[in-house]
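The following note is offered to a student who is reading this structure for the opening session of a course. Please keep the sequence and the model in view while going through the numbered points.

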Amino acid sequence: RALPIAASVGLPLGIQETRDLHDTIAGRVAERRQPVIIAENVPLDPDIRQAIHERTDISSGISLPLIARGQVIGVLNASRGRGGQSFSRGHLELATVLASQASISIDNARLFDQLKRLSQVSQALASAMDLDEAIAVIVSAPQRLVRARGAALWLLEDETPRLTQTEGLDGVAVPPLTRAEIEDRFSADDQGGWATIPLQHSEKTIGALVARFGASEPGEERLG
């Protein structure tokens, strides 16, 4: 899994990049869902101590998980360079309040963005003039609404699924879909890479929209 830096102030350009979760203090904080303070006379577990050895420019730091609706959506870091005053437990308590408010704000902004995109998709679908245009709106919806990598639309013809259209799946093999696999409920594969959403009209299943949620690189999964 990867943890990209979304925004920063005062960081050297060399470290403003995506890092593996296991390689950073922030990654360990995200995995454990617990804050960390790096300061004089504050004990650290071996994993955190190993990670801080890589940052010789930092003398003290605070790292807190950003949690919204029970899910970790990011990590808030603050650090001080060599020669600066060390962070205290009071600083950690203040930063915890800030992280809580930041989590709510980020989550609310994301929800607003999702509702805005849903409205745009609904308007586009309502204004579609023919079947081809409606299909184009439907197959693009997972990318616009839930940041899927791509999607494939299957429609039933004589009870046989036919791959009608794809988007964003260049170079990706779309798994075949049988009639029995088009259920009356949402389903996903064991790895969470593909999700199948049945399409129904008047209580009759007419096909399925299959969305791809795999990361952009093999074995990579981005947080948040």
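Helices (H or I, at least four residues) and strands (E, at least two) are DSSP runs, numbered from the N terminus. With these names in hand, R69 can be placed in the loop between β4 and β5. The model under review is predicted.

1. The hairpin of β4 and β5. These two strands run antiparallel and are joined by 10 bridges. Within the pair, P65 stands opposite V75 in β5. The strands form a hairpin with 2 residues between them, and R69 belongs to that turn.

2. The backbone at R69. Most residues other than glycine have a negative phi, and most peptide bonds are trans. R69 is not a glycine, yet its phi is positive, at about 50°. This residue is also exposed, with a relative accessible area of 64%.

3. The salt bridge of R69. Its partner is D107, and the closest N and O atoms of the two are 3.0 Å apart. D107 lies in helix α3 (residues 89-126) whereas R69 lies in the loop between β4 (58-68) and β5 (71-81), so the pair ties together parts that are 38 residues apart in sequence. How do the two partners stand in accessibility, buried or exposed? D107 is buried, with a relative accessible area of 10%, because the limit for that word is under 20%. R69, at 64%, counts as exposed, since the limit for that word is over 50%.

4. A bridge within helix α3. The structure holds 5 salt bridges, and another of them brings together the side chains of D113 and R117, at 2.0 Å from N to O. Both residues lie in helix α3, 4 residues apart, which is about one turn of the helix. An α-helix has 3.6 residues a turn, so residues three or four places apart point the same way. R117 counts as buried, at 10% relative accessibility, while D113 is partly exposed, with a relative accessible area of 28%.

5. A second partner for D113. The side chains of R147 and D113 also meet in a salt bridge, with N and O 3.1 Å apart. R147 lies in the loop between α4 (131-146) and β6 (150-157) and D113 in helix α3, so this pair ties together parts that are 34 residues apart in sequence. Salt bridges that share partners thus join D113, R117 and R147 into one network. In this network R147 counts as exposed, at 59% relative accessibility.

6. Helix α1 and the residue after it. How many residues of helix α1 (residues 25-32) are buried? The number is 6 of its 8 residues, and the helix is mostly covered. The buried residues are I25, A26, G27, R28, V29 and A30. Just after α1 comes R33, with a positive phi of about 60°. R33 is placed in the loop between α1 and β3 (36-38), and at 36% relative accessibility it counts as partly exposed.

7. The open sheet. Strands of a sheet pair through backbone hydrogen bonds, either parallel or antiparallel. Here 5 strands form an open sheet in the order β7-β6-β10-β9-β8, and the pairing is antiparallel. Which strands stand at the edges? They are β7 (160-167) and β8 (187-188), each with a single partner strand, so one side of each is left without a neighbour in the sheet. The strands β6 and β7 are joined by 7 bridges, and E157 stands opposite T160 in β7.

8. The helix on the sheet. The sheet is also covered in part by a contact with α4, which packs on it and touches β6, β7 and β10 (204-212). The direction of α4 makes about 70° with that of β7.

9. Rings and charges. The count of aromatic pairs comes to 0. A ring does meet a charge, however: the charged end of R80 sits over the ring of F87, 4.3 Å from its centre.

10. Points to check on the model. The student may locate R69 in the turn of the hairpin and then follow its salt bridge to D107. The network of D113, R117 and R147 may be examined next, followed by the order of strands β7-β6-β10-β9-β8 in the open sheet.

Terms used: Residues are numbered from 1 along each chain as its sequence is written. This is a predicted model: local features need pLDDT of at least 70, side-chain atom pairs count only at pLDDT 80 or more; totals for chains, interfaces and linings use all residues. Side-chain values use heavy atoms; hydrogens and water are left out. A salt bridge is a side-chain nitrogen of Lys or Arg within 4 Å of a carboxyl oxygen of Asp or Glu. Buried means under 20% relative accessible area, exposed over 50%, partly exposed in between (1.4 Å probe, protein chains only). Two strands pair if DSSP finds at least two bridges between them. Rings of Phe, Tyr and Trp (its six-membered ring) pair if their centres lie within 6.5 Å; planes under 30 degrees apart count as stacked, over 60 as edge-to-face and the rest as tilted. A charge sits over a ring if NZ of Lys or CZ of Arg is within 6 Å of the ring centre and within 35 degrees of the ring normal. Contact means heavy atoms within 4.5 Å. Axes are lines fitted to C-alpha atoms, for helices over the stretch in contact, and angles run from 0 to 180 degrees between N-to-C directions.
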